[in-house]
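Trainee: I would like a close look at a single part of this model. Please pick one residue, describe its surroundings, and then place it in the whole chain.

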Amino acid sequence: MLTTNASLHLFCRVVDNFGDVGVCWRLARQLVHEYGVAVTLIIDDLHSFQKICPEIDVQAAVQQTQGVLIHDWNAAPTQAADIVIEAFGCALPADYLTAMVTRPPIWINLEYLSAEEWVEGCHTLASPQSSSSLVKYFFFPGFSNQTGGLLLERDLIRQRDAFQQDAAAMADFFTSLKVQVSPPDACKISLFCYPDAPCVSLLQVLQRDAYAHASPVICLVPEGVAVEAVSAFLGKPAIAGANAKRGNLTLQVLPFMPQADYDKLLWACDLNFVRGEDSFVRAQWAGRPFVWHIYPQTEAAHLVKLDAFLKCYTANMSPDMERSVTDWWHVWNTENTEQTLSAQWQTFHAAMPQLQEYGRDWGQQLMANGDLAANLMMFIKNRLK
Ligand code: TRH
């Protein structure tokens with residue numbers, strides 16, 4: 001395995017929201033804790049970082065948290081490390097690039113996640129830089145063994161299983177969030193999506209008494225998510241702790257929580273609506289049915305990515321199950337009328353027990369690709385030879 005005295009600088013610029021820092025923070029911690037690498041995370045937005053990791057001091061130019069050295073972007077190191085990871089093509093500072101020419105590191109561009117087929121052909125490709133003697137390598141996360149795999153901590157699945165098998169631990173978790181799970185067999189849904197998701201229609205569908213044959217629904221929404229739809233449903237501001245019950249649905253706003261607690265929320269719910277990249281991956285490790293709201297792109301490029309993932313995720317499903325998932329995910333990403341959502345929701349909802357089973361097998365299939373940190377370390381080790 002990689003020598004532990006190798007230094008690694010991981011550069012992250014927050015484009016928006018929490019996924020960029022979410023992915024980098026997870027990777028940084030894993031490389032420190034599981035591989036003993038000296039990781040420095042250089043980041044340009046400590047405020048976004050603090051949302052998912054409350055111990056971050058937004059004023060500090062340099063700080064150490066959970067074994068990771070963290071530099072504000074404006075206080076980036078001036079000496080190049082042995083390994084440099086540029087997250088999502090974030091463009092390294094000019095001075096740092098100059099330092100890299102003097103002491104060339106292994107330079108990796110960690111790319112965005114996509115299930116599109118071209119990813120396999122580009123994974124680990126070398127890109128010689130025309131302006132210097134440096135070479136940058138592309139490293140793609142993904143869903144096949146021809147990609148870098150997905151971020152997965154060594155102990156995560158064991159921790160998940162222990163939590164999901166421990167009714168008292170789950171009850172304590174909900175109590176800590178001030179959520180009353182009543183009745184105990186209520187269907188618990190977490191909701192994390194972009195502002196253009198058809199949330200008003202979803203909440204109407206979930207509250208309708210026509211579905212009272214199904215168990216009551218408790219929908220948990222982190223503060224700041226689907227704010228308009230949630231406050232319209234509540235009839236009051238969508239702030240943490242606010243809740244209301246209408247028809248079959250109880251809706252409650254949760255505080256935006258630290259990353260590890262958000263994982264637990266995904267493990268504890270019966271269905272998770274997730275978005276972007278990181279929560280999307282974590283929902284897959286939760287082993288529970290999930291629905292992806294993909295990050296919207298111009299010219300509907302995101303819908304191609306959505307279908308690429310659906311193709312690989314549903315490959316081993318029965319035709320009926322495949323249709324219920326594909327139709328519901330399409331509706332969630334493109335439609336907004338209550339009528340359209342209602343029909344597809346009923347079919348999807350009926351398929352949830354089978355999806356629960358399927359989710360476990362899907363997780364096993366993903367794990368067989370090796371996890372991203374392990375694959376990355378192997379790639380680096382081979383370059384260091
Ligand atoms: O927040 P996202 O939409 O982030 C990203 C960025 O927008 C990025 O620019 C884009 O390219 C990418 O999506 C596709 O969604 P994501 O990726 O799911 O990241 C959310 C992070 O926030 C994830 O690490 C989980 C964390 N989180 C918490 O820590 N606590 C919470 O309460 C919630 C709801 C999320």
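Mentor: Take Gln252. Its relative accessible area is 7%, so Gln252 is buried, the cut-off being under 20%. Keep in mind that this is a predicted model. Gln252 sits in strand 12, which runs over residues 249–254.

Now the side chain. One of its polar atoms lies 2.9 Å from the backbone oxygen of Lys178. That distance falls within the 3.5 Å limit for a polar contact.

Next, the neighbours. Leave aside residues up to four places away in sequence. Gln252 then touches Leu177, Lys178 and Val179. It also touches Cys219, Leu220 and Val221. Gly241, Ala242 and Asn243 complete the list. Lys178 thus appears twice: as a residue touched by Gln252, and as the owner of the backbone oxygen at 2.9 Å.

Follow two of these neighbourhoods along the chain. Strand 10 covers residues 217–222, and Cys219, Leu220 and Val221 are among the residues that Gln252 touches. After that strand comes a loop leading to helix 8 (227–234), and Ala226 is found in this loop. The phi of Ala226 is near 45°, a positive value in a residue other than glycine. Ala226 has 12% relative accessibility, so it counts as buried.

The other stretch is the loop between helix 6 (167–176) and strand 9 (187–191), where Pro183 is found. The peptide bond from Ser182 to Pro183 is cis. Its omega is near -5°.

Compare a residue elsewhere. Asn17 lies in the loop between strand 1 (7–12) and helix 1 (19–35). Its phi is near 55°, again positive in a residue other than glycine. At 29% relative accessibility, however, Asn17 counts as partly exposed.

Now step back to the whole chain. It has 14 helices and 14 strands. Buried residues make up 54% of its 385 residues, and Gln252 is one that is buried. Count contacts between residues at least 6 apart in sequence: 66% of them join residues at least 24 apart. The radius of gyration is 22 Å, which agrees with the value near 21 Å for a compact globule of 385 residues. Along the principal axes, the C-alpha atoms fill a box of roughly 70 × 45 × 40 Å.

Last, the surface and charges. The accessible surface comes to about 16,500 Å², and carbon and sulfur atoms hold 51% of it. There are 26 positive and 40 negative side chains. The centres of these two sets lie 4 Å apart.

Methods: Residues are numbered from 1 along each chain as its sequence is written. This is a predicted model: local features need pLDDT of at least 70, side-chain atom pairs count only at pLDDT 80 or more; totals for chains, interfaces and linings use all residues. Side-chain values use heavy atoms; hydrogens and water are left out. Helices (H or I, at least four residues) and strands (E, at least two) are DSSP runs, numbered from the N terminus. The radius of gyration is taken over C-alpha atoms; the globule rule is 2.2 Å times the number of residues to the power 0.38. Buried means under 20% relative accessible area, exposed over 50%, partly exposed in between (1.4 Å probe, protein chains only). Contact means heavy atoms within 4.5 Å. Accessible areas come from the Shrake-Rupley method with a 1.4 Å probe; for residues, only the protein chains shown count as cover. Lys and Arg count as positive and Asp and Glu as negative; His and the chain ends are not counted. The place of a charge is taken as NZ of Lys, CZ of Arg, CG of Asp or CD of Glu. A polar contact is a pair of N or O atoms within 3.5 Å; within protein, one must be able to donate a hydrogen and the other to accept it, and residues adjacent in sequence count only if both atoms are side-chain atoms.
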